[in-house]
Amino acid sequence: MIEARHLRVLRAVAATGSFSAAARELGCTQPAVSQQMKALETSTGTPLLIRTGREMRLTQAGEALVRHAAGILAGLTAAEEEVAAIAGLRAGRVRLVSFPSGSSTLVPGALAALRAAHPGTRVSLVEAEPPRSVEMLREGDCDVALAFRYDGASAAEEWEDLVVRPLLADRLVGLVPEGHRLAEAGAVTIGEFAEEPWIAGCPRCRRQLVEVCESAGFVPRIDFATDDYPAVIGLVGAGLGVAVLPELAIESVRPRGARTVTVEPAVQREIVALTLPDLAQVPAVAATLDHLARAAAR
């Protein structure tokens, strides 16, 4: 295998015409230059230099190698500089995937702070709900996944192979039309909604809703289902039903025509940022996790 240090010595010998002159240029000893050249000739399996009196002349193979050495060493230098820039957060790229209510609440502040602190780091964003977002992380389609799971989910169930950065606990709140009999209630039990028509959210949230209602002794009558939180709020505001939504979803949309109520017993989902163990060591990824945590703490 040809090593970069051997190529540098070969270029110095070719430029100066002797081992001793090359040693002076490189700041090493003449025997060290001789040893490096022997190692390079062993690696290539052919002579690279011919002695002519006190000077050295390149063989045809030596000329070819010197010709290529310039591009190889330049490329290596560029690679070293790029890696150093990434390691020092002067450059880098992070691919982030987030669920919609996280994209509209946690992500903007986190990315603005990241850009201010490290303007050379670029972040791209796409949206996906878990478990698809977690699959994207494992498949190499993103570097950080903003995800959630509800109370009662096993930690080992889906994230045991990932680095998990807890961000916040997002409580579910009830949403009723203005003028609803429970609109002015300080707190309600989920059972008080047993006879109401429901507007349900994303598939995972829908399953959670059914489980919570069944634990209270009834099956919810779901008249409408949509992944779009503003649509859920709009349907409730129009008097077409009730819903329970995460607080982050309420925070991201102005609920016109609807009122929020506290639901007891409390149900919440855990919001986390996920990455792979190796990616957690990448400076730009680590910085993104830190800024997401700071945004969640505000």
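Here are three short exercises on the empty spaces and cysteines of this predicted model.

**Exercise 1. Describe the second largest pocket: its volume, its lining and the elements that supply the lining.**

Solution.
- Start with the space: the pocket holds about 150 Å³.
- Next, look at its walls. The lining has 13 residues, and Leu-106, Leu-168, Leu-248, Glu-251 and Arg-298 lie nearest the centre.
- Sort the lining by class: 7 residues are nonpolar, 2 polar and 4 charged.
- Finally, trace the elements. At least two lining residues each come from α5 (100-117), β6 (163-177), α10 (247-252) and α11 (283-297), and α5 gives the most, with 4 residues.

**Exercise 2. Find how many cavities of 30 Å³ or more there are, and describe what lines them.**

Solution.
- The count comes to 2.
- The largest cavity has about 110 Å³ of space. Of its 13 lining residues, Gly-201, Cys-205, Arg-206, Leu-209 and Val-244 lie nearest the centre.
- By class, that lining has 10 nonpolar, 2 polar and 1 charged. Elements supplying at least two residues each are β8 (197-200), α8 (203-215) and β10 (243-246).
- The second largest cavity has a volume of about 60 Å³. Leu-172, Ile-190, Leu-209, Val-212, Val-244, Val-263 and Val-267 line this cavity, giving 7 nonpolar residues with no polar and no charged ones.

**Exercise 3. Work out whether Cys-213 is buried or exposed, and how many disulfides the structure has.**

Solution.
- The relative accessibility of Cys-213 is 0%, so this residue counts as buried.
- A search of the whole structure gives 0 disulfides. For Cys-213, the nearest cysteine sulfur belongs to Cys-205, 13 Å away.

Conventions:
Residues are numbered from 1 along each chain as its sequence is written. This is a predicted model: local features need pLDDT of at least 70, side-chain atom pairs count only at pLDDT 80 or more; totals for chains, interfaces and linings use all residues. Side-chain values use heavy atoms; hydrogens and water are left out. On a 1 Å grid over the protein atoms alone, a cavity is a set of points where a 1.4 Å probe fits but cannot get out, and a pocket is an open set with protein on both sides within 12 Å along at least five of seven lines; lining residues have an atom within 4 Å of a point. Grid points are joined across faces, edges and corners, and a volume is the space filled by probe spheres set on the points. Ala, Val, Leu, Ile, Met, Phe, Trp, Tyr, Cys and Pro count as nonpolar, Asp, Glu, Lys and Arg as charged, and the others, Gly among them, as polar. A disulfide is a pair of cysteine sulfur atoms within 2.5 Å. Buried means under 20% relative accessible area, exposed over 50%, partly exposed in between (1.4 Å probe, protein chains only).
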